[in-house]
Amino acid sequence: MVWIDEHSLWYDVLANAPNKVRAHLNFGNALLKIGLIREAIGEFKIVKEKDPRHFTVYIDLGSAYLLMKNWDEAITVFNEAVSIQPDSSIAHTNLGLALMNKKLLDNAVVEFKTAIQLWQGNYAAHQNLSIAYKQSGLFKEAEEEAIIAAILRQQANIQDVQGYGVIQK
């Protein structure tokens, strides 16, 4: 069989192996890439149910909730990710992003700072910390973090992703 895209590939894999966690996770990500967010969330929930300690699914599910602007669900899922892997800079960054969008700026700042402590090269955490500082009226701190983020992004040769950079390591 020839697959025309990722969606058709993982759809076929699921048809042949419906109990495989990886197939549901990858099918969910394929759905996410084509904008079928609700359907992707369904696949991610299947993975979470089958393997509650599967860290990646929490990042993917939380990211889907971010795309839907469902801040409360994103916060819940990213908190679960942090409890599974407290040393994940990405989980803290994404939790901070959800908190910032919910206007819980003090909490967001804590998460971004934690993310940076865990991985100083996390340009998205620096960039989002800059935004949180700016929204809090801390313009000097915001400028400092924006400069750090720009330098890190340039060093890593990474292009900006919609001003936020929800990233996975």
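Begin by selecting Lys-69, which sits in the loop that connects helix 4 with helix 5. The model on display is a predicted one. At this residue, the backbone angle phi is near 60 degrees, a positive value in a residue that is not glycine. Is Lys-69 buried or exposed? Its relative accessibility is 59%, and because exposed means over 50%, Lys-69 counts as exposed.

Next, select Lys-103, found in the loop between helix 6 and helix 7. Here phi is near 70 degrees, again a positive value in a residue other than glycine. Lys-103 has a relative accessibility of 58%, so this residue counts as exposed.

Now display the whole chain as a cartoon. The protein contains nine helices and zero strands. Followed along the sequence, the pattern reads α-α-α-α-α-α-α-α-α. The protein has 169 residues, and 44% of them count as buried. Of the contacts between residues at least 6 apart in sequence, 49% join residues at least 24 apart. With the surface switched on, the protein exposes about 9,400 Å², of which carbon and sulfur atoms supply 53%.

Turn to the interior and select Phe-44, Ile-59, Phe-78 and Met-100. These are the residues with the most contacts inside the largest nonpolar core, which has 44 residues. Which helices each supply at least two residues of this core? They are helix 1 (6-16), helix 2 (21-33), helix 3 (37-50), helix 4 (55-67), helix 5 (71-84), helix 6 (89-101), helix 7 (105-118) and helix 8 (123-135). Colouring helix 4 separately is instructive: helix 4 gives the most to this core, with eight residues.

The last stop is Glu-145, in helix 9 (residues 139-156). Glu-145 is buried, yet it has no salt bridge. Where is the nearest side chain of opposite charge? That side chain belongs to Lys-113 and lies 7.7 Å away from Glu-145. To see what Glu-145 does meet, select His-126: the side chains of Glu-145 and His-126 make a polar contact at 2.5 Å. Finally, add Ile-116, Leu-129, Ser-130 and Tyr-133 to the selection. Together with His-126, these are the residues that Glu-145 touches, when residues up to four places away in sequence are not counted.

Conventions. Residues numbered from 1 in each chain as written. Predicted model: local features only at pLDDT ≥ 70, side-chain atom pairs only at ≥ 80, totals over all residues. Heavy atoms only, no water. Core = buried A, V, L, I, M, F, W, Y, C linked by side-chain atoms within 4.5 Å. Buried < 20%, exposed > 50% of the residue type's maximum accessible area, 1.4 Å probe, protein only. Helix = DSSP H or I, 4+ residues; strand = E, 2+ residues; numbered from the N terminus. Contact = heavy atoms within 4.5 Å. Areas by Shrake-Rupley, 256 points an atom, 1.4 Å probe, with all protein chains shown as cover. Lys, Arg positive; Asp, Glu negative; His and termini not counted. Salt bridge = Lys/Arg side-chain N within 4 Å of Asp/Glu carboxyl O. Polar contact = N/O pair within 3.5 Å; in protein donor to acceptor, adjacent residues only side chain to side chain.
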